[in-house]
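The exercises below are meant to be worked with the sequence and the structure open side by side. Each one sets a task and then goes through a solution in steps.

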Amino acid sequence: MTMLLPQDGSIPVPQPGAFSRNYWEGCAEHELRFQRCGQCNGATHTPAVLCAVCASPALEWERSAGIGEIYSWTVVWRPATPAFVVPYVPIVVTMAEGWHLLSALVGCEPEAAEIGMAVEVEFHRGAEGFTLPYFHPVEKLLPKA
Amino acid sequence: MSKHPFHDVAIVGVHNTRQARVLEGHDARSITMEGALGAISDAGLEPRDIDGVVGSLASDFLFQSRVGPAWRSLSPLGIPAVLEAAMAIGCGLASTVLVATGEAGSYRQHDSTAPWTRPTNEFVASYGMFTAAEFALMARRHMHMYGTTAESMAHVAATIRNNGHVNPEAVYFGKGPFTIDDILGSRMIADPFHLLECATTSEGATALVLTRADRVEDLAKPPVYILGGGTDYYGPAYQHPPVWDLGGNRRSDLVAGYVGRQAAEEAFAAAGIGPDDVDVCEFYDPFSFELIRQFEAFGFCGEGEGGDFVMSGVIEPGGRFPITTDGGTMSFSHGGASVQLFQRVVRGVQQIRGECVTGQVGGAEVAMSTGGGSGALFTDVLLLGKDRP
């Protein structure tokens, strides 16, 4: 039995840039943010100047509901660097607002990972005091936007 | 009828240096120089015949040989570099271009994965992503959509590794043979990829020489021509979530999962041929699944049919579409960050010449060489042939 946990080693932490500062500030405040298009209502991540759906520059930051479902997953047994405790489970999540996010699954066993699993964001303050979003399973899917 | 874009260009020299886990006494500059001289010699040329180079290390050749001033390009890796050399010749910027790269001494401490596999971007690095995990997320999605099996992926890995097993020039020569069970029995790296389904790491150099097609008469080897090429990119590799359905805003079937489809269409159109005309598939093999994906992306089979396709007896030696005949990155070599991206082209040239010591496809007239993969959000395609286009 291996319960997946957030990484607490000296893992690499993000270096926020001009595009992404707002996103990471949101994480520090336990708020998951994405960009919404004023033109087509589409959602954009990673942070950008142009809408991922219609390439309009009319993007505004919005708070995500923080829920979604697993789009794809992998269980890693050979760590990228020794700072990572294995196994860990990188996932791509389809957020309820329709954007994709790379994160990691926590709060369950690695064998539980499956495409379509309903997940919810949680925030973890780890290496260098930096707060990262992780996702844990939740009971049922919530309606999509 | 307008002239073919590569009518005036021929590949006339190729060379792989010795490839090994560690090349004692070498660094990237020294092994690249060995590769460069090997390719020039293979062409039957002299250093003074070179008036253009591609690659930062090939630039070192330019200085050492004092054959400058010459045309130079720094940036591209693999097939884009070969195409850029061909374009420079076609445009008259240079007559004979050396493309060379090599690596030695940069990855000797193996507690972390190789530096070229570990992205540093803010949206992936903190989650322990490296190439195997990036590609695993793509493969898992395909398995979910189409029921692609672990066995079909393992069969790809076994086939390529067995090609290397019999190739005396492969780093992993004599390490097999491998069965599907051997592949599936190796330790898990990033599910669904077992150790033996992943690229290896090694050291070595590789180089090619291209020249004007009207200069091939006196050279050492028969010319090999570029029948067509294409390069598909979705953006920077390993910086954003690897999502199968990414893209498609311009054309809905051009999603990241099928990166390389447009490149293949362009290459086949320029060549005036289709997948059925390909004799040997020198496909890039960073991970087992990528071969299945490429057969679908390039139109050898339908979407979701790649798993059954590779299990149907076509990819083995003697099959209709033999793959990665020297052992690829899984067994022949993955000589650093870029060397292996050229080696599918080198092998394609050797196949068309008919000079492969092992794995030669009898009477091969068209080779398809590729580079990249879905997890890296790019795939490059090159069609090579015997007849001048």
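**Exercise 1. Find the partner of Arg63(A) in a salt bridge, and describe where the two residues lie in the chain.**

Solution. In this predicted model, the step to begin with is the pair itself: Arg63(A) forms a salt bridge with Glu31(A), and their closest N and O atoms are 3.7 Å apart, which satisfies the cut-off of 4 Å that applies to such pairs. The next step is to place both residues, and here Arg63(A) belongs to strand S3 of chain A, while Glu31(A) sits in the loop between helix H1 (21-28) and strand S1 (33-37) of chain A. With their positions 32 residues apart, the pair links distant parts of the chain. To set this pair in context, the search of the whole structure finds 20 salt bridges over all chains.

**Exercise 2. Describe the architecture of chain A, and decide how its radius of gyration compares with that of a compact globule.**

Solution. Start with the secondary structure, which in chain A amounts to one helix and eight strands, and then read the order from the N terminus, α-β-β-β-β-β-β-β-β. For the overall dimensions, the C-alpha atoms of chain A fill a box of roughly 50 × 35 × 25 Å along the principal axes. A compact globule with 145 residues would have a radius of gyration near 15 Å, and chain A, at 15 Å, therefore agrees with that expectation. Finally, turn to the annotation: an unreviewed UniProt entry lists "domain: ChsH2 C-terminal OB-fold" for residues 61-124 of chain A. Over those residues the chain is 0% helix and 44% strand, with the end C-alpha atoms 22 Å apart.

**Exercise 3. Carry out the corresponding description for chain B, including its annotated domain.**

Solution. The secondary structure of chain B comprises 11 helices and 11 strands, and its C-alpha atoms fill a box of roughly 55 × 50 × 40 Å, again taken along the principal axes. For 389 residues a compact globule would have a radius of gyration near 21 Å, and the 19 Å of chain B agrees with this. The UniProt annotation "domain: Thiolase C-terminal", from an unreviewed entry, covers residues 251-385 of chain B. That span is 33% helix and 14% strand, and its end C-alpha atoms lie 30 Å apart.

**Exercise 4. Characterise the interface between chain B and chain A: which residues of chain B lose the most area?**

Solution. First establish the extent of the contact, which takes 33 residues from chain B and 41 residues from chain A. Together the two chains bury about 3000 Å², of which 62% is on carbon and sulfur atoms. On the side of chain B, the residues that lose the most area to chain A are Glu122(B), Phe123(B) and Tyr127(B), which together account for 26% of what that side buries. Next consider the polar interactions: 19 residue pairs are in polar contact, counting pairs with both residues at pLDDT 80 or more, whereas the count of salt bridges between the chains is zero. Then assign the contact to elements, noting that helix H4 (131-146) and strand S5 (188-190) of chain B each supply at least two residues of the side that touches chain A, and that the largest share, six residues, comes from H4(B). By residue class, this side of chain B divides into 17 nonpolar, eight polar and eight charged residues.

**Exercise 5. Locate two cis peptide bonds in chain A and a residue with positive phi in chain B.**

Solution. Recall that most residues other than glycine have a negative phi, and that most peptide bonds are trans. A cis bond joins His45(A) and Thr46(A), with omega about 0°, and Thr46(A) lies in the loop between strand S2 (43-44) and strand S3 (59-63) of chain A. The peptide bond from Val86(A) to Pro87(A) is also cis, with omega near -5°, and Pro87(A) is found in the loop between strand S4 (67-73) and strand S5 (90-95) of chain A. In chain B, Tyr238(B) has a positive phi of about 60° although it is not a glycine, and Tyr238(B) lies in the loop between strand S8 (225-233) and helix H7 (261-271).

Note on methods: Residues are numbered from 1 along each chain as its sequence is written. Chains are lettered from A and ligands numbered from 1 in the order in which they are written. This is a predicted model: local features need pLDDT of at least 70, side-chain atom pairs count only at pLDDT 80 or more; totals for chains, interfaces and linings use all residues. Side-chain values use heavy atoms; hydrogens and water are left out. Contact means heavy atoms within 4.5 Å. Buried area is the accessible area (1.4 Å probe) that two parts lose on being put together, summed over both. A salt bridge is a side-chain nitrogen of Lys or Arg within 4 Å of a carboxyl oxygen of Asp or Glu. A polar contact is a pair of N or O atoms within 3.5 Å; within protein, one must be able to donate a hydrogen and the other to accept it, and residues adjacent in sequence count only if both atoms are side-chain atoms. Helices (H or I, at least four residues) and strands (E, at least two) are DSSP runs, numbered from the N terminus. Ala, Val, Leu, Ile, Met, Phe, Trp, Tyr, Cys and Pro count as nonpolar, Asp, Glu, Lys and Arg as charged, and the others, Gly among them, as polar. UniProt positions are given in the numbering used here, feature names are shortened, and annotations may be inferred rather than shown by experiment. The radius of gyration is taken over C-alpha atoms; the globule rule is 2.2 Å times the number of residues to the power 0.38.
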